[in-house]
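Q: Please take a close look at a single part of what is shown here, and explain each term when it comes up. I am a first-year student and would like one careful, connected account.

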Amino acid sequence: MLPRGLALAGQPVLGTLDITVSAGSVTALLGPSGSGKSTLLRLVAGLLPVPAGGRVIGDDGRSVAGRVAYMAQQDLLAPWRDVLGNVVMGAHLRGLRPDLNRARSLIAEVGLTEADSEKMPAQLSGGMRQRVALARTLMEDRPVVLMDEPFSAVDAPTRHRMQSLSARLLAGRTVLLVTHDPLEALRLADRILVLGGTPAVPADVAVPAGRPPRPAADPALLAAQAALLERLAEAVP
Amino acid sequence: MIRGLIAATGLVLLWQGFVWLTEVPPFLLPSPFRVAQALLARWDIILGHALITGTEILLGLALGALLGCAMALTLVAWPAGRRWLLPLLLVSQAIPVFAIAPLLTLWLGFGMGSKVAMATMIIFFPVATAFYDGLRRTEPGLLDLASTMGASRGAMLWRVRVPAALPALASGLRVAAGVAPIGAVVGEWVGSSAGLGYLMLQANGRSQADVMFAALFVLALMALALWFATDRLLRRAIPWQPDSLFSPDLHSFNDRKPT
Amino acid sequence: MMKRILAAIAALVIAAPPLAAQPARDSVTLLLDWFINPDHAPIIIAQERGDFARAGLDVRIVAPADPNDPPRLVGARRGDLGVYYQKNLHLAVDQGLPLMRVGTLVATPLSTLTVLRDGPIRTLADLRGKRVGYSVAGFEEVTMGTMLESAGLRLSDVRLVNVNFALSSALMSGQVDAILGGFRNFELHQLDIEGRPGRAFFPEQYGMPAYDELIYITHRDRSRDPILRRFIDATEAATHFLVNNPEESWRMFIAGQRRELDNELNRRAFASTANRFSLSPGALDRNRYERFARYLADRQMIRSVPALETYAVELPGATTAR
């Protein structure tokens, strides 16, 4: 909730906001580049200080700090640790003993092999690295998962597979997904918010029927995608 | 290894050719042959001096690297101290060695101590700045991720910044390895009774150009050996840093192409 | 008519070069052994007083930072004349440098072994087990060895320590017990001024043959060049003027850009060097050079004693009085 919006470096980026994200569902934040969606996500992640009067709270009234897991556009794998080491990065940073068995099973769930778990990030392809990032996010086992255009850096087929995979594995968690790809939003989200205007404010958009991940071939979905693209294109000066 | 030898032979031939072509007098640039003669005639004396200089170099390198790392870590971990530590770091580089050399000999005597101190001072700066730079330039995304994972300030420094900065530190150490011989030799020029730098001074005073160049040659060999040894050690210590110029050497990884 | 004009032009063309090419002066590049100091007084005075100009010379004085540069540069013909040390000339010539001594600047040794006057060392024998500081010049072992022998000691009885150029301060701070290579006309005054007077042991009194501390050298192939004779004669005139007029000579020494040399140390050094300049700079003491060469050969500092005329000569006399 941001009663007075958020300004970064003096420029108003986000306008007055009051968003409620339903638990256990996927909410997509859509918008053209620079519309402030990443800013909003970073705010929720605790990476930006919340301005006066604003709050980021869970439905129990307490702050969400410590209850979020963050997955960015770059895989952000530590090049000096192998795949297994990266998956348990959170425990390592918190100074706790990692649950290696759980880590290994997550690595398998994202579709990587036992042999892969000993490789270094430099030896993996982009798609494989993003899978590792996903495993790491799941390892954190947090109720809220924030994703900032997580699949935009990989090619279309891989992106498609990753979308299906993450929809399956993240089921039941509260996901805030930032994306600039309308198709991705339509496939994965229970609710779509489009950020527009300067300062940006969110607006709800109709979501096609069916549970995510929705098939891309669905004509209703394709029509919605066309409409969204038009709408996003208008916002671009 | 073979390529190195071929390169070395080529250089020696070039040297000989230059001397022969330009007819430069031997008291300015002796031919490789004369230098080899001087080297063989006094190999035991030169070896003795080389061992002394070598020890100074290694000790200076170790001490300078350690202090440089400590300085870099302090600068990062102590923002308040940074304001006056950073100028101190820069000034340490600007002071010419012969200005402080007499002070060092006053405090540390005429033995190896003052030479090691001088080498340390010369090595300290490249290591400190390289490591500090690396620590500062940690990829912000990694820091963000660590922050969301609840990493403490200590964990941020030691488990994120430091490992990420190791390639930068390695660069600084390579520079230090290249510069260490100079540090030791300059220290010897300014006040010592042993070592290759001292030998060069003495040969200079006696117009013995061949001995001077023989000492110089041995020093160059030591500098090369040190650099390559350091490079190899660093590449082994930081194997995850992909080096596009040396990939055939990464034999610890398999050659599977990424999918 | 045309023929006359052409003849006139031809005559002018032929006559013009000799008329136009009257060089005002011959240029001479002189490389000093060190920065300008009172040891170079005759040269400076010859410059100031116009002795060089009257000799038709335009002398360019260059001060290299390394005392070992003049022999190399002169040997490579990058300088006409150099100031060097007789002791080191023997070594350089033995190493094949094509040098020739053509004149003497300072006709006595200047180097000393110096201790603090109020220190524990009264005689050379007291040096046993002590530290001796020196500046690397290649001669320290020979000089020290010779002087110690005269006191019944060996080189291994003392510890030689390179203090680079900080001779006086090393002695005064107690880092060393004696210094080798300080000049009697310089370091001794320095110690005096600092309130820590020294006691000097003169090498030529303790076994070392007397030698010329500072000499003029040139490339061996140029030793017959008449320009050099004019140079030496000009320094001779300046030296005599100095001996006769010490006060006025000092004022000339510190004139103009050399103002910064006007201090107590240089003043005292100037006064005590005045009686050490060669009054016959062109004259060669054959015995002095041959004796020193034999001395060095005996101590294996040089491989053989070469014929004197290959490295030291008196220049041919001037053919016209100028």
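A: Helices are DSSP runs of H or I with at least four residues, strands are runs of E with at least two, and both are numbered from the N terminus. This is a predicted model, in which local features need pLDDT of at least 70 and side-chain atom pairs count only at pLDDT 80 or more, while totals for chains, interfaces and linings use all residues. Residues are numbered from 1 along each chain as its sequence is written, and chains are lettered from A, with ligands numbered from 1, in the order of writing.

The part chosen is chain B, beginning with helix H10 (residues 209-237) and its packing against helix H3 and helix H2. Helix H2 (residues 32-41) of chain B crosses H10(B) at roughly 80°, and the two axes come within 8 Å of each other; an axis here is a line fitted to C-alpha atoms over the stretch in contact, and angles run from 0 to 180 degrees between N-to-C directions. That angle makes H2(B) roughly perpendicular to H10(B) (65 to 115 degrees counts as roughly perpendicular, under 35 as roughly parallel, over 145 as roughly antiparallel, and the rest as oblique). On the H2(B) side, B:Arg34, B:Val35, B:Gln37, B:Ala38 and B:Leu39 meet B:Asp210, B:Val211, B:Phe213, B:Ala214 and B:Phe217 of H10(B), where residues are in contact if their C-beta atoms, placed from the backbone, lie within 7 Å. Sorted by class, this contact holds seven nonpolar, one polar and two charged residues (Ala, Val, Leu, Ile, Met, Phe, Trp, Tyr, Cys and Pro are nonpolar, Asp, Glu, Lys and Arg are charged, and the others, Gly among them, are polar).

Helix H3 (residues 43-77) of chain B also packs on H10(B), at an angle of about 40° and with the axes 11 Å apart. With that angle, H3(B) is oblique to H10(B). The crossing of H3(B) and H10(B) is right-handed, meaning that the near helix is turned clockwise from the far one by less than a right angle, whereas anticlockwise would be left-handed. Here B:Ile46, B:Ala50, B:Gly54 and B:Ile57 of H3(B) meet B:Ala214, B:Ala215, B:Val218, B:Met222 and B:Leu226 of H10(B). The contact of H3(B) with H10(B) contains eight nonpolar residues, one polar residue and no charged ones.

Turning outward, chain B has 18 residues in contact with 26 residues of chain A. On the side of chain B that touches chain A, helix H7 (140-148) and helix H8 (153-191) each supply at least two residues, and H7(B) gives the most, with seven. This side of chain B divides into eleven nonpolar, five polar and two charged residues.

Towards chain C, 19 residues of chain B are in contact with 22 residues of that chain. Helix H5 (97-108), H8 and helix H9 (196-205) of chain B each supply at least two residues there, and the largest share, five residues, comes from H9(B). By class, the side of chain B that touches chain C has ten nonpolar, eight polar and one charged residues.

Of the two pairs of chains in contact, chains A and B share the most contacts. Chain A and chain C do not touch, and their nearest C-alpha atoms are 49 Å apart.
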